[in-house]
Structure formats: C-alpha cells, structure tokens
Amino acid sequence: MRVPVEWLREYVEIAPGTTGADIAAALVRVGLEEEGLHGADITGPLVVGRVISADPEPQKNGKTINWCQVDVGDANGTGEPQGIVCGAHNFTAGDRVVCVLPGGVLPGDFHIAARKTYGHISAGMICAADELGLPDDGSGGIIRLAELLPGAELVPGQDAVALLGLDRETVEINVTPDRGYCFSLRGVAREYSHATGAGFTDPVPALAQRAPHDADTGFAVRLDDRSPLRGQAGCRRYVTRTVRGIDQGAPTPAWMATRLTEAGMRPISLTVDISNYVMLALGQPTHTFDLATISGPIVVRRAAAGETLKTLDDQERSLFGEDLLITDGGDRVLGIAGVMGGADTEISGTTTDVLIEAANFDPVSIARSARRHKLPSEAARRFERGVDIDLAPAAAQLIVDLLVEYAGGVADDGATDVGDGLPPVTIDFDLTLPTRLVGVAYDEEQVVDVLRQIGCAVEVSGNRARVVPPTWRPDLTTGPDLVEEVARIHGYDAIPSVVPRPPGGRGLTRSQQTRRTIADLLAGRGLQETWSAPFVSPQVLQRLGIDDADPRSRAVKIANPLSQEADLFRTTLLPGLLDTLRRNVSRGARDLALFEVGLVALPDGQGRKAPTEPPGVRPDDATLAQIRAAVPPQPRQLAFALTGERDRTAWWGRGRGADWTDALEIVRDLGQALGLALTTAADERAPFHPGRCAVVTVPGGGIAGWVGEVHPKVCEALELPARTVAGELDLDVLLAASEGDTVSAPVSTYPMASSDVALVVDETVPAARVEAALRAGAGDDLEAAALFDLYSGEQVGAGKKSLAYRLQFRAPDRTLTTTEVNAARDRAVARAEQDTGAFQRGA
C-alpha cells in the first residue's frame, strides 16, 4: 500500500518538516512494516523555461526535430539561452515549459548531460509529464505550465520541483492479513494517530450523515447468495446510488490524478478514477455500472453450472458453483462479486447514467473466487481481509459527490441498502490479562484507554470489561487479540528484552556426541541425511523379502494411523530410506548417497498390552510400570543407501559405480571414528543379495548390523536401480561397544619396511580370516596389512583364489633389519597356513 504524504495530511495532523522516513518510523512502532519510500527522487536543476524559438529541422530518417532556444534565467550560470533538441511538437515560442539542465537526474536514475545529437549540442531536456513521474494527460507531449497551472507566476529559472510538487514523498507499507483496514488512507491515518498522538479526522461520519437513510427507494436489489457448501451468506450489505447526466468527456482533476499516480494507480477516466480514489481513501471497493445496460433488478447469487462471463480484462471465464455473482434480474451475469466486473456493463464514452455499487462481501468467498480465477484485483485484496461493513453508504456518497462536482451529474434522491449485516462481537475481557501475557505491568486504566483509542466500546465492571470491537476491526474476536492491541499501542519497545539464562549442564550426552560424530563423518563422505515417516505397510515388508519368520515382520500396529495403507510402526529404516532413494531417482537424480538415523520398534513377541486409564486421572505407579513394560524395545539405528557413481566420470576418464566395497568402507570408517575394530563376514539376510551380504560384528561378537548389495528382486519390486547398495547398523550396539577409554599408541619415528605376500586359499575362505591370521602371526611390529589384489583362474586352480597382501612393519625403538622383516613375514604366512590352509603362490 502506497501512502502519499500530502494526501495523508488530509486525515491526520502531520507536523511541518515531518519526512516520509519519520512517518514510516512512526507506523513501524505500531506494527506496520515499511516497504520503501518513493518520490523526491529528482535531483539537480529542474527549472521553468521560456521557449524563445523552436525551429523545425527534418531529418533523413523522416523524423522532424525542433532546435530550441530556451530562456532558463540564471539557472545555467550564464544567463544565456539554452540550446535544446526536442522531438515533441505540442509547444511553440513563448510557452513556459519544464527544463532539466545538465547534472540533473530524473526518475529511474536517468542522468542528464550535454551531448551532441542531430547535429547540435543539446544542453538539457524539455520534459513531458511521464518523464517526471507525473500523470500524463494522454497526449504524451511536453508540459505547458500555463495550462497546467493557470494563473501561476512563472519566471524563467524558477525551481520547478516545488512548483510541480515533485518534492512530495510516498510511504510504502506492507499490509498484513489482519490489518485490512490499513489498505486505505483512512486506516493508515488512524494508525499514525495512535503512534504519535496526532489529531485524526475520520471522513466517514460526515459522509454517512449526508447519505440518504431511506433504504428501499433506489434501484431494486435482491440477495439470494447462500453458499451451497458453507451455508453462509456471501453478501452482508449491498448499497446502490444512481447519478444521471454525467459528462464522460470531463477530465480527471489534476489533484486526483496526482494522488492516484503517487498511490501507484494509473489514471484512466473520470468515473473509474473516482471509484479508485474512494477505494484508496476509505478502503471500500466500489463498482459503477452503465445504467442503460441494466434492465432488471440486481440479484446477488451463486453461479450455476455452465455459466460464463467475459470480464473487464476481455477474458471469457467459466464460473464455479461457489462464485458469488452480481446479475441482472438473476439471468445475465454482470460480474464476479468483489473481484471483477463484466465487459457488458462497462462504463464507456457514451455512458451518461451510472449505477453505483458499494457492498460488503464474505472474505472467504471473495478469496476463493480470486484465487480460482487468478484475479488478484485491488478490490479482492481488500474484501478478503475484511472491509468495514459501515463504510458502504459513506463510500457511495463520496462517489456521488465527486461525480456531481466534476462530471456534472445529478444524483437521484433514492438509495438502496439491503443485507443482514454482521452481529456485533462482544468479548468478556479480563483487564489483568495484558500484564499476565506480555509481562509488562499495565494499569487497568491504561488498558481501557488503549481499547477506546482503537475504537472499541468498553463497559468496565471491576477488573473485567465488556468490549465490543469497532466494525473496521473484524480481526478482534478474543481476549488475546485485545492484548496484542494493548502491547502494540502502548509500544513494543516498552516490552523488555529479557535473555533467558540457560541452566548449568554438562553439554551433550555421550550418545548425542556419538550420533553427531557419525552424522558428520557420513556427510564428509558425501552422504546426505534424510528423514522419512516411521510408518510402513505390510506390503513393503513383503517386497523387502522379510518373511513371517523374520522378527522384523512382527511390527506394532498403529491404532489410529495417518494412513490405512501405512498402519505399522517400522522395524527397519530401509523401507523409508529406499523409498526416498526411489523418489529421487524417478525425478532425474542418478548418483545418490543417503543415510538416515532413527528409532525402530522391535516387539519381543510377548504380546503385552498397555492398560487403559480414564482421561484426566494420573495412573498409579504400578499401572505406569505396566505401560512402560508394554512399550516394545526401540533401538536407534543407522541406515544408508548408495546408487550410481561414487567416483564421477569426467575428463580424467570413466567413473566407478557404487558397489559392496563402498558399504564395507563406510563400516570401516565408522569403526575408526568410534575406536572399534569392527569385523565383517559373509552372511545372508533380507533384503540383501545372498552372495553379497556381510554381517558386521563388534569386539566380543555382538552383531551390529548388515551391509551389502540389495537383492535384484527387491530392486525390481521397489523400482530401484540395479546393484543398489545399502546397510543398516544398530547404533545402540555400536555405542555400548565403544564405551571406555581409547588408548592411543605412540607414533614411531623409525622408517617403515614392507613386504608383499600372495596366498592361495579355497574360494570359501573369507579374506578377513586370512588377514586376521597374518596379523596374529606377524607380531607386534606389524603396523598394517592391506589386501591389494584378488585373482582366480587357471593359474591357481579350480575352487581356489589368490589374495595378495602388503604387510607394513615398523618398530617403536629401532630400524628393523631385512632379516627381522623376513622373519616376521614368514611367521605371518605360517600362521595363515595353520588357520586357513593357505599356501604361498608360486611356492
């Protein structure tokens, strides 16, 4: 909402010298939001000029320009005439015009300088209205000041900024949904009065007093507007007035065109401009019909199936059953109520008699129609926030007054005013509530004074009051609404900023620290954390290959599920995580690495049920113990899933797709972060591929989870990419296993020696067993053992595989000799032969 400062002065006393910034700051103090300041953006010399000569010069491109000599007084510092090239032709020698001289800046950051054009040095510009941000009269030509300001003394060189009002400012504010009354100068003026104590003059009472009070002597209106869905009336009040004999050729007065332009609206024609002016001034949208195009009574009703309307924007629109319509006798649609009128009854150049509509419509109905038809009109913006129901007669009267004064019309004596209105809202208000809710000690007299300032009728009885909010505040319906008004008017800055003091504590628990460590580690490895709802369907568990014998199939059934299709509490994180993976793949993602941390419920098969207790009664300790015992174990788990490339394809060559080794790498990294020596071994578990699944165990033999490649049938059932890799680990098991202090080994400064061995074993022997045997036999000087090659083929024989390991040795107190390294290597090979049946390849 743009608020011209000079227009605002008409309704509220603004002290001389008050700037737009001052006004914006005052409005912010009472809860309005400043969007910006406009106007007063012309800088440099803008002066009155007298055209001495204007010599036309035809150009090669067919255009004729005027080479002008313009008297600008002493504004150019020399007193000599200014040479200016101008392409307009609506002025002659002797005319007073507006000139901007070199160094000036026009709206839009348009800098003026002397430059050569059309063979002349043009030292400035003779200005048209739109170039100065003024309303255009439609000619698009140069401003002739004698016509614009008849009788004004116009001296060459005189400052034109103040002369044309170009130093005026406009404050732009954001109107929140609960402040619909501030979509008007009247509403903003009232808020400025609240903020500063300045005197406020409400124009509505005087207008309403002049309006006819005989409600059924005007144009006939019938309301038949109940909503078929909500059963509510769509029109609360409908007022009509008639003005005859208007002159459509009459111009919009300059002061009105200027105010509309400053408020962000383009002047169109006198009748339309008056309607827009009244809406901006009072906040009441209105509509004017060409009376000659209406034959029957106005009927307000809902739309029927198949009805259409060509609106003022020349769009043919299909109407909906909830649309509230203005119709001619109930048959012909004249407009969508509160949104936009129809083209059939539009004011035209031949209109002489107009019917004025000022109505009050249901906000919900208007909001739905505006969104349904994608018509966010200025009228709809106001109606959907709630318009003062007492405004309609006053707004209609103001339109009548302006049409009579500026269009030469004659108003009919009669008027129509129909509708049930709105019942007044009465709030039983505790006067101590503001102090208790806001935390500021408000005196009860202060509270009552604030409520009366904002227009409430207040009857006090003890420390309670009966409060009736004003009709322009439909948002005030409860006690807390009134508390907000007390805090707002008294001043938000009076509410102290009290920083809460956090209680002393020990920071994060060990479990929280561990979870953060794991999440940071996975994020650092390129995995993205997700969240999924903890509810699954039995069909999803079946598609994962989880049969009835699997404990994970015994899921807790939700008594009141959000969806009947997902009525089980999850026993594994994989359904939600894999569904997230599928959804992202279906939307074009290809290379994905996701993880999730969350709780699962794993019933122990005892079938215990929690006892029920009546509401409002605290169960005794024994019942609480039964309730706790019935809650199934809920371990915290970690799941991850990978698909696509882990090493990207780019200019350096082909990438590498995610496979089971990436899952094992994640397990290894987690073990290192937690200080655990996690081991993996081949295993079988749904939903993994039987030959590509590993069980993860912690020191001591406890199972921490499973990782591997998702079974091809599961990938097909869940619409996942082939060879998707996943894993699920029990964080509670990992946390328990990592308890205790981790002792770090000293770092040796002596050189490292390495030796490679290639061992042949049966294909069924896990590489982890071979590595464990090598470590056990090598002794304390073995620093690392890494598998770097796997081979199977004719050279090692059927049913065999070759595993090549690099053994790295380092002593803490000396440099190892070759003899010592070879001896340690031989002991490692001997132990591997003893434990796994391995023998050295080529031996």
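Helices, meaning H or I runs of at least four residues, and strands, meaning E runs of at least two, are taken from DSSP and numbered from the N terminus. The model discussed here is predicted.

Q: In which loop is R723 found?
A: R723 is a residue other than glycine with a positive phi, near 65°. At 46% relative accessibility, R723 counts as partly exposed. The elements that flank R723 are a helix, residues 712–718, and a strand, residues 725–730, and the loop is therefore the one between α20 and β38.

Q: Is K374 buried or exposed?
A: K374 follows just after α9, and its place is in the loop between α9 and α10. Although K374 is not a glycine, its phi is positive, at about 55°. The relative accessible area of K374 is 73%, and because the cut-off for the upper class is over 50%, K374 is exposed.

Q: Which elements do the buried residues of α9 pack against?
A: Helix α9 covers residues 363–372, and its buried residues are P363, S365, I366, A367, S369 and A370. These buried residues pack against several strands and one helix, namely β14 (235–244), β16 (298–302), β19 (324–328), β20 (332–336), β22 (354–361) and α10 (378–383).

Q: How many disulfides does the structure hold?
A: The sulfur of C86 has its closest cysteine sulfur in C68, at 5.6 Å, which is too far for a bond because a disulfide needs the two sulfur atoms within 2.5 Å. C693 is in no disulfide either, the nearest cysteine sulfur, that of C715, being 13 Å away. Both cysteines are under the 20% limit for burial, C86 with a relative accessible area of 6% and C693 with 5%. The number of disulfides in the structure is zero.

Q: At what angle do the axes of α13 and α14 cross?
A: Two packed helices are described by the angle between their axes and the distance between the axes. For α13 (residues 444–453) and α14 (residues 479–490), the axes come within 9 Å and cross at roughly 95°. That makes α13 roughly perpendicular to α14, because crossing angles from 65 to 115 degrees fall in that class. The crossing angle is thus roughly 95°.

Q: How many nonpolar residues are there in the contact of α13 with α14?
A: From α13 the contact takes in Q446, V447, V450, L451 and Q453, which meet L482, E485, V486, I489 and H490 in α14. Divided by residue class, the contact has one charged residue and three polar ones, while the nonpolar residues number six.

Q: Is the aromatic pair of W7 and Y277 stacked or edge-to-face?
A: The count of aromatic pairs comes to six. In the pair of W7 and Y277 the distance is 4.8 Å centre to centre, with 5° between the planes, and because planes under 30 degrees apart fall in one class, this pair is stacked. The pair links distant parts of the chain, 270 residues apart, with W7 in helix α1 (residues 5–8) and Y277 in helix α8 (residues 270–282). Both W7 and Y277 are buried, and their pair is stacked.

Q: What kind of pair do the rings of W255 and Y277 form?
A: The ring centres of W255 and Y277 are 5.5 Å apart and their planes stand at 85°, so the pair is edge-to-face. W255 lies in helix α7 (residues 254–262) and Y277 in helix α8, so the pair ties together parts that are 22 residues apart in sequence. W255 is partly exposed, at 33% relative accessible area, whereas Y277 is buried, at 4%. By the angle between its planes, the pair is edge-to-face.

Q: Which residues does Q528 touch, not counting residues up to four places away in sequence?
A: Q528 lies in strand β28 (residues 528–529) and is exposed, with a relative accessible area of 51%. Leaving aside residues up to four places away in sequence, the residues that Q528 touches are A593, L594 and F595.

Q: What is omega of the cis peptide bond that joins A686 and P687?
A: P687 lies in the loop between β35 (679–682) and β36 (688–697). The peptide bond that joins P687 to A686 is cis, with an omega of about 10°.

Key:
Residues numbered from 1 in each chain as written. Predicted model: local features only at pLDDT ≥ 70, side-chain atom pairs only at ≥ 80, totals over all residues. Heavy atoms only, no water. Buried < 20%, exposed > 50% of the residue type's maximum accessible area, 1.4 Å probe, protein only. Axes fitted to C-alpha atoms, helices over the stretch in contact; angles between N-to-C directions. Parallel < 35°, antiparallel > 145°, perpendicular 65-115°, else oblique. Contact = heavy atoms within 4.5 Å. Nonpolar A, V, L, I, M, F, W, Y, C, P; charged D, E, K, R; others polar. Phe/Tyr/Trp six-rings, centres within 6.5 Å; stacked < 30°, edge-to-face > 60°.
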